[in-house]
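Visitor: Please take a close look at one part of this model for me. I am a first-year student, so explain each term as you use it.

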Amino acid sequence: MFFAVGALELFVMKDITGEAEFVGDFRNGYIDFGWDTLSEEDQIRKRGIELNNGRAAQMGILGLMVHEGLDNNPYVINDLFGVPVEFNAGF
């Protein structure tokens, strides 16, 4: 996974054309989905929505990590169904 992320960082996720409007804008003239037709206010609003979705995803992952740290059981759904899993039993 480390090398895959490294390859993406070095070869894919960069501003090739130099036309980025903001940090993280990797469209490179390829994918638009109507972004350029939106007003400036809508673009700012949608970027804010995307940032909030990313923050919510980070909090969800943090919640899963905390749950695993509390009882050493990473599978929340198994607890709900009453089928616990011996996780890290041999360690």
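Guide: Arginine 45 is partly exposed, because its relative accessibility is 45% and the class takes in what lies between buried (under 20% relative accessible area) and exposed (over 50%), with a 1.4 Å probe and protein chains only. The accessible areas come from the Shrake-Rupley method with a 1.4 Å probe, and for residues only the protein chains shown count as cover. This is a predicted model, in which local features need pLDDT of at least 70 and side-chain atom pairs count only at pLDDT 80 or more, while totals for chains, interfaces and linings use all residues. Residues are numbered from 1 along each chain as its sequence is written, and side-chain values use heavy atoms, with hydrogens and water left out.

The side chain of arginine 45 meets that of aspartate 42 in a salt bridge, at 3.9 Å from N to O. The term stands for a side-chain nitrogen of Lys or Arg within 4 Å of a carboxyl oxygen of Asp or Glu. Side chains of opposite charge can pair when their charged atoms come close. By this rule the count is one salt bridge.

Aspartate 42 is partly exposed as well, at 28% relative accessibility. The two partners are three residues apart in helix 2, so about one helical turn separates them. Helices are DSSP runs (H or I, at least four residues), numbered from the N terminus.

Helix 2 covers residues 40-71, and leucine 62 has its place there. Leucine 62 is partly exposed, with a relative accessible area of 39%. It belongs to a nonpolar surface patch with Met59, Ile61, Leu64, Met65, Val66 and Leu70, and together they have about 710 Å² of accessible area. Patches are made of residues with over 30% relative accessible area and no salt bridge; like charges are joined within 9 Å, and nonpolar side chains (Val, Leu, Ile, Met, Phe, Trp, Tyr) within 5 Å.

Alanine 56 is also placed in helix 2, and its relative accessible area of 49% makes it partly exposed. Alanine 56 and serine 39 are 17 residues apart in sequence and 26 Å apart in space, C-alpha to C-alpha. Serine 39 lies in the loop between helix 1 (2-12) and helix 2, and is partly exposed at 36% relative accessibility. From serine 39 to phenylalanine 22 there are again 17 residues in sequence, but 15 Å in space, C-alpha to C-alpha.

Conventions: Helices (H or I, at least four residues) and strands (E, at least two) are DSSP runs, numbered from the N terminus.
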